[in-house]
Amino acid sequence: MAVKKIQKDHILKASVEVIEEMGCERLSVRNIAAKLKCSTQPIYSEFQCIGHLKEALVSYINEQYLRTTQISYKAFALSFLYFAKDHKELFKFFYLRRRAALFEMEDINQKKIVSLLADALELSVKTAGELHQKMQTYCYALGVMLASGYQEMSEEQIDKELVDAFRIVLYYYKNIQTKEMYEYWLERTHHLDV
């Protein structure tokens, strides 16, 4: 049996290149084939249609770009925002695509993050999930601004925005009364046990 020259992984990598170079609206079997310097046949033999390819590409981006093993809550958020800043077109493809209504945002790291937050902040998993959802919403909005070019921000500005937003959320969820209490709980999220 002959080994396929164009493998599924090659097609997904070429799809990423097409999106990053041409924009997500230009993702097509023809443009992917041109990137691979082949006919469209190997792509259609791996994926029945562009819809199936896009579904596989969402999983690929999730694993290759969004899954993370950071050790602080801030680092989780920063990795998401740097993805938006450094891979604008992939961010748009992944987060701004049409899809069925969801009750929560897609986050491959969510279960792990919520569990770690619950432990670090001594919150119930439900409450830690609510806290994370508030931060997720804020980060998503910031990510959209970065990916769309609406707002250019340096790493220092991104860092400050995250700290300010987290301070507000943390004050609320931990009923913080003093700066010392804030510093204590903030430190607890700096070294999450991954």
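**View 1. Looking for disulfides around C49.** A disulfide is a covalent bond between the sulfur atoms of two cysteines. How many disulfides does this predicted model contain? The count comes to zero. Take C49 as an example: the nearest cysteine sulfur belongs to C38 and lies 17 Å away. Since a disulfide calls for sulfur atoms within 2.5 Å, C49 is in no disulfide. C49 is partly exposed, with a relative accessible area of 31%. Another cysteine to find is C139, which counts as buried at 6% relative accessibility.

**View 2. The protein as a whole, before we zoom in again.** Here you can trace ten helices and zero strands. Read along the sequence, the pattern is α-α-α-α-α-α-α-α-α-α. The C-alpha atoms fill a box of roughly 65 × 35 × 30 Å along the principal axes. Of the 194 residues, 41% are buried. Now think about contacts between residues at least 6 apart in sequence: 64% of them join residues at least 24 apart. On the outside, the protein exposes about 11500 Å², and carbon and sulfur atoms supply 53% of that area. There are 26 positive and 26 negative charges, and the mean positions of the two groups are 7 Å apart.

**View 3. Helix α1 and its neighbours.** Helix α1 has 15 residues. From its first C-alpha to its last, α1 reaches 21 Å, close to the 21 Å expected at 1.5 Å a residue. Which residues of α1 are buried? They are I11, L12, A14, S15, V16, V18 and I19. The cover over these buried residues includes α2, α3, α4 and α6. Just after the helix, look for G23, whose phi is positive, near 100 degrees.

**View 4. L12, a buried residue of α1.** Still in helix α1, this view settles on L12. Is L12 buried or exposed? L12 is buried, with a relative accessible area of 7%. Leaving aside residues up to four places away in sequence, L12 touches F47, L53, A56, L57 and Y60. Look also for V58, which is 46 residues from L12 along the chain. The C-alpha atoms of L12 and V58 are separated by 9.7 Å.

**View 5. Helix α4 and what covers it.** Follow α4 from residue 50 to residue 66, a run of 17 residues. The helix reaches 22 Å from its first C-alpha to its last, close to the 24 Å expected at 1.5 Å a residue. Its buried residues are L53, A56, L57, V58, Y60, I61, N62 and L66. You may recognise L53, A56, L57 and Y60 from the previous view, where they touch L12. What covers the buried residues of α4? The cover includes α1 (8–22), α2 (29–36), α3 (41–46), α5 (73–86) and α6 (88–95).

**View 6. T68, a buried residue in a loop.** Where is T68 found? T68 sits in the loop between α4 and α5. At 9% relative accessibility, T68 counts as buried, because the cut-off for buried is under 20%. Setting aside residues up to four places away in sequence, T68 touches F76, S79, N109 and K112.

Methods: Residues numbered from 1 in each chain as written. Predicted model: local features only at pLDDT ≥ 70, side-chain atom pairs only at ≥ 80, totals over all residues. Heavy atoms only, no water. Helix = DSSP H or I, 4+ residues; strand = E, 2+ residues; numbered from the N terminus. Expected span 1.5 Å × (residues − 1). Buried < 20%, exposed > 50% of the residue type's maximum accessible area, 1.4 Å probe, protein only. Contact = heavy atoms within 4.5 Å. Areas by Shrake-Rupley, 256 points an atom, 1.4 Å probe, with all protein chains shown as cover. Lys, Arg positive; Asp, Glu negative; His and termini not counted. Charge placed at Lys NZ, Arg CZ, Asp CG, Glu CD.
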